[in-house]
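Hi everyone, thanks for having me. Today I'd like to walk you through one protein, starting from a single residue and working outwards. Let's put it on the screen.

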Amino acid sequence: MSGGMDDEALTADGARRSNGLPCEANALLRLLNDADRAALAPHLELVPFRNGDMIARAGDAADSICFPLTGIAAILDSLEGDRRYAVALVGSEGFIGWQLLLGNERWSHDVVMRAEHGMAMRLSAAALDEILADRPTIRTVLLRFVDVVMTQMSRTIVSSLAHSIERRMARWILLYHDRVREDDICMTHEEFRLMLGVRRSSVTDALHKLEEDEAVRSVRGRVIVRDRERLLLLAGDTYGFAEAEYRRLLGL
């Protein structure tokens with residue numbers, strides 16, 4: 001997993017002081033009982049990432065898992081010619097690095113920080129193995145989240161086959177909106193291209209249609225959510241199933 005911010009950025013300790021972000025800022029860590037959190041706490045390292053930082057690269061050794069506190073970890077799949085496409089998003093509701101729980105010691109996707117500068121709690125693979133051996137309830141919580149991510153990925157695939165660009169765009173905006181702290185979201189045309197697999201001109205046309213419906217307002221490099229309920233109507237069944245599974249499996 002890549003290191004995070006550059007030399008001008010805050011150190012992890014400085015970020016902790018300035019942001020006051022405890023482990024409980026991550027929903028999965030908050031869900032654990034006191035004993036399980038106490039077992040993890042000494043091994044968690046606070047790490048900062050800038051918007052656009054590469055968190056992990058497909059094929060690299062997976063030496064840790066990461067619990068985002070802020071920001072969005074975009075999960076990207078790659079094809080020949082350096083073509084990359086977004087397949088899932090993870091924010092403070094979950095974790096990345098599930099390959100380690102599934103017996104894979106290498107990252108299967110690129111992971112990039114999106115939407116804003118982010119903070120995360122990182123846990124080494126060695127500590128993870130040791131802790132899970134003694135505390136199986138942590139493994140259960142983590143694997144339930146893995147199932148939710150797989151559900152989100154499958155809906156991404158089905159939606160790309162069955163739904164219009166406008167409907168899929170509404171879904172991705174909702175996924176971002178779920179994971180950031182305000183209605184004004186950093187979402188560039190390039191990010192939409194990664195999510196939708198279409199030309200930039202098609203991204204522009206779809207954004208204009210969502211603006212005509214008064215669901216969003218688009219400014220350079222940003223999307224402002226004006227009417228979430230309208231976005232939900234536009235997204236239809238592209239959105240909601242994975243989110244319902246999250247609530248069912250994790251009670252959150």
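Let's begin with T238. Its relative accessible area is 1%, and the cut-off for buried is under 20%, so T238 counts as buried. Please keep in mind that this is a predicted model.

Where does T238 sit along the chain? You'll find it in a loop, with α9 (228-235) on one side and α10 (241-250) on the other. And what does its side chain reach? The answer is the backbone oxygen of A235, at 2.7 Å. If we set aside neighbours within four places in sequence, T238 also contacts R155, S159, H163, R167 and R171.

Now for the nonpolar cores. The largest one has 50 residues, and the members that touch the most others are F95, I96, W98 and L142. Helix α5, residues 136-162, gives this core its largest share, 8 residues. Take W98 as an example: beyond four places in sequence, W98 touches I75, V90, V146, V149, M150 and M153. There is also a second, separate core of 34 residues, with I173, L175, M187 and V198 among them.

Finally, a word on confidence. The average pLDDT for the protein is 88, and 90% of the residues score at least 70. Which stretch stays under 50? That would be residues 5-20, where the model has 18 contacts beyond four places in sequence. Where pLDDT is low, the predicted coordinates should not be read in detail. So, please go easy on residues 5-20 when you explore the model, as their pLDDT stays under 50.

Definitions and conventions: Residues numbered from 1 in each chain as written. Predicted model: local features only at pLDDT ≥ 70, side-chain atom pairs only at ≥ 80, totals over all residues. Heavy atoms only, no water. pLDDT = per-residue confidence, 0-100. Contact = heavy atoms within 4.5 Å. Core = buried A, V, L, I, M, F, W, Y, C linked by side-chain atoms within 4.5 Å. Buried < 20%, exposed > 50% of the residue type's maximum accessible area, 1.4 Å probe, protein only. Helix = DSSP H or I, 4+ residues; strand = E, 2+ residues; numbered from the N terminus. Polar contact = N/O pair within 3.5 Å; in protein donor to acceptor, adjacent residues only side chain to side chain.
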